[in-house]
Amino acid sequence: EEASKIVTPNNQSQLEINGGTYATDSWTNVTPKILTHLGMNKHLQQDHPLSIIRQRIVNYFYAAYRNQRGNPLFSVYDKLNPVVTVQQNFDNLLIPSDHVSRQKSDCYYINEQHLLRAHTTAHQVELISGGLDNFLVVGEVYRRDEIDSTHYPVFHQADAVRLVTKDKLFERNPGLELFEETWTGSIANPKRILPSSKFMDQTKQPCHTLEAVKLMEHEMKHVLVGLTKDLFGPRIKYRWVDTYFPFTQPSWELEIYFKDNWLEVLGCGIMRHEILQHAGVHQSIGYAFGLGLERLAMILFDIPDIRLFWSNDSGFLSQFSEQDLQKLTKYKPISHYPQCTNDLSFWLPPDVEVNEGFSPNDFYDLVRSVAGDVVEQISLVDKFKHPKTGKSSVCFRIVYRHMERTMTQAEVNEIHKNIADASVEQFNVQIR
Ligand code: FA5
Ligand code: MG
């Protein structure tokens, strides 16, 4: 009863979110549980580790870029509404209409035209159109994903854009140009087929001069390595990896070496000039980047589980303080309560298979809606097709652990049963 009420917002014809009213449709897949995260603003909560990281990043940019009067060049937007349009999140950023990141199985859609932003880059074009040329955007983003200690469907990003004109970029080398002489300056046909990752030229966009791109690349990498060293100390090991984003060219990821592994901390690149043109900017070149706050915070504070960022437990929050931003205290686990593992196996309806009529992400959302944050991990441990009936069977392993107390087996069994009941109701499966 209870579960079905929670997991089927689709029965509603309208959703009220942040003061806006949205008609639901076949794209609607936000759950009430996910919607509770709007307005929590963990990145603005005093003494919260995400707020400390935000301030460190902002202060670094304030210090790195100043105008002649000594005032910070960058402005900060950290309270923008996470409800955005498909145009803001994808179209404005030249993300192809068939790109995987648009899929219903990856995003939280409110309806066909609106979604909870999947990256803070969604605000880039409106801010540039409004006349800004140096800004940071900080906020939470929403992505449908698996469940484990480093994945949560809501996490935080900081994005930045810096635009410079020819005079500024070539201050000390007058005579150099941002754009190739041979380039006509016209916006490429927006309907033309966009270069895919494999065919994107990693050197530069046709419109830019090599010297403009190289100078911007150098400045951007210098600033980002500076930020990394400011956060992790001067001896941190890092490397740049070529990558592809539809909205930058060339593009890179910065990885840092941490506990015997290379960990991706940000994506960045030279902004696609079409994006600037659409936003009314014709005489500048820009760089942009986006980074994840939880990843940085987990390393800096030694926080072992991403769910802890949502904890209201004073045993967690009282450990951190904004008093001295430079002093990063390591997290001390309050204690480790025992895990409890239960498997759930069921037959999918006839003619339905994993990723064909049944998406594991739909199941993960159901589990989060029913069980909340006591689920630490879920994995698909087994799937097979019955040779006679042709029906598919799946088995999910669910690991339960409360972060602040020990759960009894009876309590876990009850939640597990609720998940099973809700699965039958929502996916028409048969429990084995
Ligand atoms: C983006 O979201 C791009 N918008 C970044 C960007 C902006 C590139 C501007 C170029 C110009 P990506 O999906 O890789 O890219 O995420 C960026 C960062 O967010 C990652 O490097 C990582 O630090 C963080 N991140 C991504 N997914 C997760 C996740 N599931 N959990 C925690 N952090 C994540
Ligand atoms: Mg990435």
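How many cavities of 30 Å³ or more does a search of the whole structure find? In this predicted model, the search finds 1 such cavity, and the legends below begin with its lining.

**View 1. The largest cavity and the residues that line it.** About 50 Å³ of space lies in this cavity, and its lining is made up of Leu224, Leu227, Thr228, Leu231, Phe232, Leu254, Val265, Leu266, Leu291 and Leu296. Helix H7 (210–232) and strand E11 (261–271) each contribute at least two residues to the lining, and the largest share, 5 residues, comes from H7. Sorted by class, the lining holds 9 nonpolar residues and 1 polar residue, with no charged residues.

**View 2. Helix H7 along its length and at its end.** The 23 residues of H7 should span 33 Å at 1.5 Å a residue, and because the C-alpha atoms at its ends are 32 Å apart, the expected and modelled spans agree. Just after the helix comes Gly233, which takes a positive phi of about 95°. H7 is also one of the elements that give two or more residues to the lining of the second largest pocket, the subject of the next view.

**View 3. The second largest pocket, with a volume of about 670 Å³.** The lining of this pocket consists of 23 residues, of which Arg162, Val164, Lys168, Glu171 and Glu219 lie nearest the pocket centre. Two or more lining residues come from each of strand E8 (154–165), helix H6 (166–169) and H7, and the largest share, 4 residues, is supplied by E8. The lining divides into 9 nonpolar, 7 polar and 7 charged residues, whereas the lining of the largest cavity has no charged residues.

**View 4. Helix H9 (residues 293–301) and the residue that follows.** Since 8 of its 9 residues are buried, H9 is largely enclosed by the rest of the structure. The buried residues are Leu293, Glu294, Leu296, Ala297, Met298, Ile299, Leu300 and Phe301, and Leu296 also appears in the lining of the largest cavity. H9 is followed by Asp302, which has a positive phi near 60°.

**View 5. An aromatic pair within a cluster of rings.** The count of aromatic pairs comes to 22. One of them is formed by Phe346 and Phe358, whose rings are arranged edge-to-face, with 6.0 Å from centre to centre and 85° between the planes. This pair links distant parts of the chain, with Phe346 in strand E13 (residues 340–347) and Phe358 in strand E15 (residues 357–358), 12 residues apart. Phe346 counts as buried because its relative accessible area of 0% is under 20%, and Phe358, at 3%, is buried as well. Ring pairs join both residues with Phe363, Tyr364, Phe396 and Phe427 into a cluster.

**View 6. Charged side chains placed over aromatic rings.** The charged end of Lys237 sits over the ring of Tyr257, at 4.2 Å from the ring centre. In another such arrangement, the charged end of Arg368 sits over the ring of Tyr152, at 5.0 Å from the ring centre.

**View 7. Thr389 in the loop between strand E16 (375–385) and strand E17 (392–400).** Thr389 counts as exposed because its relative accessible area of 53% is over 50%. Thr389 and Lys33 are 356 residues apart along the chain, and their C-alpha atoms are separated by 36 Å.

Conventions:
Residues numbered from 1 in each chain as written. Chains lettered and ligands numbered in written order. Predicted model: local features only at pLDDT ≥ 70, side-chain atom pairs only at ≥ 80, totals over all residues. Heavy atoms only, no water. 1 Å grid on protein atoms, 1.4 Å probe; cavity = no way out; pocket = protein on both sides within 12 Å on 5 of 7 lines; lining within 4 Å. Points joined across faces, edges and corners; volume = space filled by probe spheres on them. Nonpolar A, V, L, I, M, F, W, Y, C, P; charged D, E, K, R; others polar. Phe/Tyr/Trp six-rings, centres within 6.5 Å; stacked < 30°, edge-to-face > 60°. Buried < 20%, exposed > 50% of the residue type's maximum accessible area, 1.4 Å probe, protein only. Lys NZ or Arg CZ within 6 Å of the ring centre and 35° of its normal. Expected span 1.5 Å × (residues − 1).
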